[in-house]
Amino acid sequence: QTLLLGKIKTLAGKKHMVLPTEISTDKQDGFKDLDSKEGKDFDEKFIKMMRIDHERDVKAFTKATELSDIDTKAFASKYLSMIQSHLDKINELNR
């Protein structure tokens with residue numbers, strides 16, 4: 001995932017976009033809550049957080065595949081299946 005983040009940063013720079021340097025307050029609160037969990041409670045919270053993030057990312061990348069910007073559309077098209085695959089694996093954890 002670090003590689004994907006680096007590629008997103010490169011694309012954003014090419015498009016003269018400034019990305020946030022810190023995670024949102026909601027994410028910080030989620031991580032604090034996760035930090036207070038142990039064992040099964042930790043696992044359940046972590047999986048829930050991962051599912052929410054990947055569902056959001058799949059939705060955003062799907063929308064991006066429909067954009068008119070060729071570079072962004074190509075980027076989203078290239079990585080959408082990988083993110084969807086990660087979501088599918090996360091969803092399998094609860095079966």
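**Exercise 1. Which residues do ring pairs link into a cluster?**

Before starting, two notes on the model. Residues are numbered from 1 along each chain as its sequence is written, and side-chain values use heavy atoms, with hydrogens and water left out. The model is predicted, with local features needing pLDDT of at least 70 and side-chain atom pairs counting only at pLDDT 80 or more, while totals for chains, interfaces and linings use all residues.

Solution.

Step 1. Begin with the ring criterion: rings of Phe, Tyr and Trp (its six-membered ring) pair if their centres lie within 6.5 Å, and planes under 30 degrees apart count as stacked, over 60 as edge-to-face and the rest as tilted. The structure holds 3 aromatic pairs.

Step 2. Take F61 and F75, whose rings are 6.2 Å apart centre to centre with 40° between the planes, a tilted pair. Since F61 lies in helix α3 (residues 39-64) and F75 in helix α4, this pair ties together parts that are 14 residues apart in sequence. Helices here are DSSP runs of H or I with at least four residues, strands are runs of E with at least two, and both are numbered from the N terminus.

Step 3. Now add Y79. The ring centres of F75 and Y79 are 4.8 Å apart and their planes stand at 50°, so this pair is tilted. Both residues lie in helix α4, 4 residues apart, about one turn of the helix.

Step 4. Put the pieces together: F61, F75 and Y79 form the cluster.

Step 5. Check burial, where buried means under 20% relative accessible area, exposed over 50% and partly exposed in between (1.4 Å probe, protein chains only). F75 counts as buried because its relative accessibility is 14%, and Y79 because its value is 10%. F61 is buried as well.

**Exercise 2. Describe helix α4 from its start to its bend.**

Solution.

Step 1. Compare its span with expectation, which is 1.5 Å times one less than the number of residues. Helix α4 (residues 70-92) has 23 residues and reaches 34 Å between its first and last C-alpha, close to the expected 33 Å.

Step 2. Look at the start of α4, where a side-chain oxygen of D69 comes to within 3.3 Å of the backbone nitrogen of D71.

Step 3. Find the kink of about 35°, centred on Y79. The bend at a residue is the angle between axes fitted to the seven residues ending there and the seven starting there.

Step 4. List the buried residues of α4: F75, A76, Y79, L80, I83, L87 and I90.

Step 5. For comparison, turn to α3: its 26 residues should span 38 Å, and its end C-alpha atoms are 37 Å apart, which agrees.

**Exercise 3. Which helix supplies the largest share of the largest nonpolar core?**

Solution.

Step 1. Recall the criterion: a nonpolar core is a set of buried Ala, Val, Leu, Ile, Met, Phe, Trp, Tyr and Cys residues joined through side-chain atoms within 4.5 Å.

Step 2. Name the members: the largest core has 11 residues, namely L4, L11, V58, F61, A64, F75, A76, Y79, L80, I83 and L87.

Step 3. Sort by helix. At least two residues come from each of α1 (2-14), α3 and α4, and α4 gives the largest share, with 6 residues.

Step 4. Follow L11 outward. Setting aside neighbours within four places in sequence, L11 is in contact (heavy atoms within 4.5 Å) with D71, T72 and F75.

**Exercise 4. Is T65 buried or exposed, and what does its side chain reach?**

Solution.

Step 1. Place T65 in the loop between α3 and α4.

Step 2. T65 is buried, because its relative accessible area is 19%.

Step 3. The side chain of T65 reaches the backbone oxygen of T62 at 2.5 Å.

Step 4. Beyond neighbours within four places in sequence, T65 is in contact with K73, A76, S77 and L80.

**Exercise 5. Where is H16 found, and what is its phi?**

Solution.

Step 1. H16 is found in the loop between α1 and α2 (25-35).

Step 2. Its phi is near 60°, a positive value in a residue other than glycine. Most residues other than glycine have a negative phi.

Step 3. H16 is exposed, with a relative accessible area of 74%.

**Exercise 6. How many helices and strands does the protein chain have?**

Solution.

Step 1. The protein chain has 4 helices and 0 strands, in the pattern α-α-α-α along the sequence.

Step 2. Its C-alpha atoms fill a box of roughly 45 × 30 × 20 Å, taken along the principal axes.

Step 3. Of its 95 residues, 23% count as buried.

How values were computed:
Polar contact = N/O pair within 3.5 Å; in protein donor to acceptor, adjacent residues only side chain to side chain.
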